[in-house]
Structure formats: C-alpha cells, structure tokens
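Good morning, and thank you for coming. I have been asked to introduce a structure that is new to most of this group, and I shall go through it region by region.

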Amino acid sequence: MTHLLYLHGFLSSEKSVKALQTKAFFREHYPDVTLHIPRLSNYPGEVRTQLETLLAENPGLLSHGLRLIGSSMGGYLSTWLAETYGGKAVLVNPAVRPYALLEGYLGEHVNPYTNERFTLVEDDIHALQALDTPVITLPARYRVLLQTGDETLDYRQAEEKYQGADLVIEDGGDHSFVNYEAHLPAIARFLLGD
C-alpha cells in the first residue's frame, strides 16, 4: 500500500479546490493509494509537531519513502519533510521564505474555509524559520510547478531555489495554479514511478 501526503497552504484547508481535485483523481485512478490530507493548524508554530505526530501515527507514510504534494506554504513544509525524511515531493507554487512574507500578516485572521479565528504572532514566524532548508540536497527528488502570474509569491524565488529539479514553469496563471487538475497524471507518475 502506497501512502501519499498532501499539504495545503496558509489560510487554506483540506477542502481547498486542489486538495479535493487530488483526492478525486487518486480515488478514481489509483484506488490502492492511501491519500492523507490533514487540516494543518492555522498557527505555524504548531505545524511541526502536528506533522511529526502524523508521521509517527501513520508509519506507512515513511515505509517506502515519503510521497508529498505541497501547495504554497504546504510546498515549504513538504521541502522540510523531504529534506528531513527523504522521499519525493511535487511542489505547487511553493513558498520559499514564508516567514518573511508573513511578517506583514501578524495579527488576527479568519480562515475562509473553516471560519476559525486566530492571531499570528512573532513566535509563529520563528517556528517557520526553524524549518527553512536554504539548500536542497537532491534536486531530482522534486517536481516544481510554477506559474509566472502568481500574485502572492514571486515564482523566480522557487525557480532559483529548485535549480536542477524537474521545473515546470507556465506563463500566466495565478497563485491557485490554474488548470492544476491537468497536471495530476504527471504528478502521479513522478511520485509513484520508481
């Protein structure tokens, strides 16, 4: 049994469009794959413990090497997991330095998917910085999907960080990654082909 972990972004949830498309695709085409899509805490300071607990409680995730899909902040977290535990990761418009971006987001927020109110504090920024992987050790373990029209993140940061990886750069698009669903067959081949 192959296990796959999908990590959503900041201010998102397991009910995001991409998460639901991923779930539907693997259910239809790869019913033998167990897909894990946890609801990540809105508090970045809690996410490391949450992910470590998830791995401890689901040893199948590590038994044949991690298989990860991460969007935005989930891409940042997927990189940390892949660099820490090994495996392969597909990153969709990944955040490269989210701790710098979120400096401008300190204060109260409401998650639009869950309606949960939370307050982002400086400790959350430090917790994110602690997960930084400035240099990737094995570019071949990554497939990185970028769209130049991303209005939230500068795609060139990811293009630079993931040099040597399987980079797919599309003109236009936006932060949600327009037409993500069309990439799912290639994502599955990259993650599941050995």
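Before the empty spaces can be counted, one term has to be fixed: a cavity is a set of grid points where a 1.4 Å probe fits but cannot get out. Please keep in mind throughout that this is a predicted model.

How many cavities of 30 Å³ or more does the count give? By this rule there is 1 cavity of 30 Å³ or more. The largest cavity has a volume of about 110 Å³. Its lining is made up of 14 residues, and those nearest the centre of the cavity are Gly9, Phe10, Ser41, Val47 and Met73. Two elements, α2 (44-57) and α4 (73-85), give two or more residues to this lining. By class, the lining of the largest cavity holds 8 nonpolar and 6 polar residues, and no charged residues.

I turn next to the pockets. The largest pocket has a volume of about 510 Å³. It is lined by 27 residues, and Gly9, Phe10, Ser12, Ser72 and His175 are the closest to its centre. Gly9 and Phe10 are thus named for the centre of the largest cavity and again for the centre of the largest pocket. Which element supplies the largest share of the lining of the largest pocket? That element is α1, with 3 residues. Helices α1 (17-29) and α5 each supply at least two residues of this lining. Sorted by class, the lining of the largest pocket has 14 nonpolar, 11 polar and 2 charged residues.

The second largest pocket has a volume of about 170 Å³. Among the residues that line this second pocket are Glu14, Lys15, Lys23, Arg27, Tyr30 and Thr34. Here the elements that give two or more residues to the lining are α1 and β2. The classes in the lining of the second largest pocket are 6 nonpolar, 1 polar and 4 charged.

Strand β2 leads us to the sheet. In what order do the 6 strands of the open sheet stand? The order is β2-β1-β3-β4-β7-β8, and the pairing is parallel. At the edges stand β2 (33-36) and β8 (166-170), each of which pairs on one side only. On average, neighbouring strands of this sheet are turned by 15° against each other, direction ignored.

Let us look at β1 in particular. With β2, strand β1 pairs in the parallel sense over 4 bridges, and histidine 3 stands opposite threonine 34 in β2. Threonine 34 was also named a moment ago, as one of the residues lining the second largest pocket. With β3 (residues 67-71), strand β1 (residues 2-7) pairs in the parallel sense over 3 bridges. Within that pairing, tyrosine 6 has isoleucine 69 in β3 as its bridge partner. Is β1 mostly covered or mostly open? Strand β1 is mostly covered, with 5 of its 6 residues buried.

Helix α4, which we met in the lining of the largest cavity, also lies across the sheet strands β1, β3, β4 (88-92) and β7 (142-147). Its direction is at about 150° to β3.

I should now like to set two asparagines side by side. Asparagine 93 has a positive phi of about 40° although it is not a glycine, and asparagine 179 likewise has a positive phi, of about 70°, without being a glycine. Where do they lie? Asparagine 93 is in the loop between β4 and α5 (98-101), whereas asparagine 179 is in the loop between β8 and α8. Are they buried or exposed? Asparagine 93 counts as buried because its relative accessibility is 1%, and the cut-off for buried is under 20%. Asparagine 179 counts as exposed because its relative accessible area is 52%, and the cut-off for exposed is over 50%.

The last residue on my list is proline 185, which lies in helix α8 (residues 184-192). With a relative accessible area of 32%, proline 185 is partly exposed, because this value falls between the two cut-offs. What distance separates the C-alpha atoms of proline 185 and glutamate 116? These atoms are separated by 33 Å, and the two residues are 69 residues apart along the chain.

That concludes the presentation, and I thank you for your attention.

Key. Residues are numbered from 1 along each chain as its sequence is written. This is a predicted model: local features need pLDDT of at least 70, side-chain atom pairs count only at pLDDT 80 or more; totals for chains, interfaces and linings use all residues. Side-chain values use heavy atoms; hydrogens and water are left out. On a 1 Å grid over the protein atoms alone, a cavity is a set of points where a 1.4 Å probe fits but cannot get out, and a pocket is an open set with protein on both sides within 12 Å along at least five of seven lines; lining residues have an atom within 4 Å of a point. Grid points are joined across faces, edges and corners, and a volume is the space filled by probe spheres set on the points. Ala, Val, Leu, Ile, Met, Phe, Trp, Tyr, Cys and Pro count as nonpolar, Asp, Glu, Lys and Arg as charged, and the others, Gly among them, as polar. Buried means under 20% relative accessible area, exposed over 50%, partly exposed in between (1.4 Å probe, protein chains only). Two strands pair if DSSP finds at least two bridges between them. Axes are lines fitted to C-alpha atoms, for helices over the stretch in contact, and angles run from 0 to 180 degrees between N-to-C directions. Contact means heavy atoms within 4.5 Å.
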